[in-house]
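Dear colleague,

I am passing this structure on to you, since you will be working with it from here. Please look through it first, and then read the notes that follow.

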Amino acid sequence: MSLRALWIISHEKGENVSIRYSRRFATVEHRAKSLAGSSYIAVPEENTVLQLLLTELGLSDSNKSYVALRDDCLHRQRSPALELRMDGRAKGILWPVLAISQGPLILACLPLVDAPAEPRPPLASLLSVSQGLTLLAGLQTFLLSSGGKPDSEGLASRLAMLPSVLLQVCPLGSPLDVPLLGAPATPTVPTPTGNQKQPAWKTGFHRGRAVVNVALIETVRSMQYGNQSRQDLWDVYGTVTCKCEVEGVLPNVTVTLTLPPNGSPLQDILVHPCVTSLDSSILTANSVDSYDGSAFSGPYKFPFSPPLEPFRLCSYTSQVPVPPILGSYQLNEEESHLHVSVTLKLHESVKNSFEYCEAHLPFFNRDQMGVVEVKVSSGQLDVSKEKNLLVWGLGQKFPKSREVTMDGRISFSGPTPGPTDPLCTGLTAYVKLYFKVPDMTLSGCCVDQHSVQVYSSAKPRIVTSRELLSKEYFIWNSKGTAPVSSGQMML
C-alpha cells in the first residue's frame, strides 16, 4: 500500500482555513500514472484540494443556505472515502480521498488504488483504504494527543517534527508504522527478540500488568413519522474496539462475538488489517441483499496480533425488528399558541436502565418563547427560551408502564426572533432523542469474557463491556411535512 499525497488542514472556528502540511510522493504518483493509463487524474494544486475537500465535507460557504455539491440530496457523501470532482482542464474525479476530522484538524490522504478505475472496486476490497485510515488515525493521535485539542505551541511543535516522523513511518509514501504519541524527531523502535517478526502496525513493547479490554458499542438511528403513508426507518451499527496490553512480542489474541439463538446475523462486517485469518462466510452477509435465512449466524471468531494503541477490531450492521423507543409527536397551531403532545414508549426487549435519556424539542423560525404551559408524566422539563428549546430529562428509568407523555401549550411572543432552520418551517418539527443504555446491545451481540483467548505466558486481566447509544434519533411531527428517504438509512 502506498500514498500519493497527504494533507493536514487547520479549520479552527474563527480562523482562516489553511493547509498546515502537505506531502506528495513522486514515485507513487509515477506508479499511479502507469496503472491508470488514459484514465489518470493528476493530484491538483493545494488550493484546489482545500476547496474541494471543504465542499465535500460540508464546511464550505457556511454563509450560504444551499450549495448544490454540498446539500443536493442526490449527492451522497461517502465519508471517509470522498470523491473530489474537478472542473476545467483537469476535469475528472479523484477517488478515494480519505479524510478524518477531530478538533481543529482535518487529516486527508490519497492512497494508491492498484485496481482498474472502472468498474470501481468496492471499498471493502481495498486494503489501501484500511491502511490509509489506520495511518491517518495514528497521525491524528500523534498530533492531537489523547486530549484531542493541544495548545497551539504543542501542535506547531508536532507539525515541525512531522517530516522526520514520516521518514520513519512512511518512507517514499509506503506506510510501515504509525507514530508513537510524543515520539521524538528520530523515533526508535525496539528490535524484537528471537525469530518473531514485528508487524508493521506494532510500534513497541508493553511493560506492566497484562490487560485486554474489549468494548462493544452499538449505535441506533431512527426516523419515525407517525404516519401510515410514510415508512419508519431505523438501523444499527456496531463497533468492537480493543486495547491489548500484553508483555512480549506478537501475542496472538482471539475475540469471539456471539448472538442469541433468535438473533439476526451480523452484516457488512469490516475487520482491521491485524486480523490474521477469517472464515470467508463471515464477510458474505450484507444489508443490500435480501436475507434468506442462510447467512452465517456465529459465533464470529477474530484471531489477531494486536497493535499497542486502541484500535477498531471490526464493525458491522444488524437488522432488528423494532427501534428501542417508539414515539409519537403531534404539534398543532391553535390560535396564538402551539399545542404539543408527545408519547414515548420503551420496547419490552430493551433494558430499562439508562445512563442518560433526554428528548429535545427545538422550535425554529418563530419568535422567542413566551408562556410555556407543558406537563410531563415522568422526568423533568427544562425550558430554554433564548434557544426556543424544551429539554425533557427522562432520567435513568422509564416508569413500570414503560410509557411517558408530554402535553401542553407554548406561545411565542418574545421580543426577539428565535433560531432559524431552512428545513423546519411551519409545522415541520421533530423530537430528537439522546440516550445511552449500558450493558446491552440491540442485536443481542456480546463478547463473552471467557471466550477472549490470549496466547501469552502472562495471565492478562480480561475486561469486556457493551452499550447502546442513540445517534440521529428523530421523531417527526405527524401533523406536518417531514423529510422522507426512499431507501435504507446510510451509515
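How many residues does helix α4 have, and how far does the helix reach from its first C-alpha to its last? Helix α4 (residues 127-144) has 18 residues and reaches 26 Å, close to the 26 Å expected at 1.5 Å a residue, where the expected span is 1.5 Å times one less than the number of residues. Helices (H or I, at least four residues) and strands (E, at least two) are DSSP runs, numbered from the N terminus.

Before going further, please note that this is a predicted model, in which local features need pLDDT of at least 70 and side-chain atom pairs count only at pLDDT 80 or more, while totals for chains, interfaces and linings use all residues. Residues are numbered from 1 along each chain as its sequence is written, and side-chain values use heavy atoms, with hydrogens and water left out.

Among the buried residues of α4 (under 20% relative accessible area, with exposed being over 50% and partly exposed in between, for a 1.4 Å probe and protein chains only) are Val129, Leu135, Phe142 and Leu144. The cover over the buried residues of α4 includes β1 (3-10), β4 (92-102), β5 (105-111) and α5 (152-169).

Those three strands belong to an open sheet of five, in the order β2-β1-β5-β4-β3, with antiparallel pairing; two strands pair if DSSP finds at least two bridges between them. The edge strands, β2 (18-24) and β3 (81-86), each pair on one side only. Within this sheet, β1 and β5 are joined by seven bridges, and tryptophan 7 has alanine 108 as its bridge partner in β5.

Elsewhere, strand β14 (residues 356-362) is mostly covered, with five of its seven residues buried. Five bridges join β14 to the antiparallel strand β19 (residues 430-438), and β14 also pairs in the antiparallel sense with strand β17 (residues 389-393), again over five bridges. Histidine 360 has lysine 432 as its bridge partner in β19 and valine 391 as its bridge partner in β17.

Finally, histidine 272 lies in the loop between β9 (267-271) and β10 (300-304). Why does histidine 272 count as buried? Histidine 272 counts as buried because its relative accessibility is 10%. Leaving aside neighbours within four places in sequence, histidine 272 is in contact (heavy atoms within 4.5 Å) with Thr134, Phe311, Arg312 and Leu313, and its side chain reaches the backbone nitrogen of cysteine 274 at 3.0 Å.

With best wishes

Note on methods: Polar contact = N/O pair within 3.5 Å; in protein donor to acceptor, adjacent residues only side chain to side chain.
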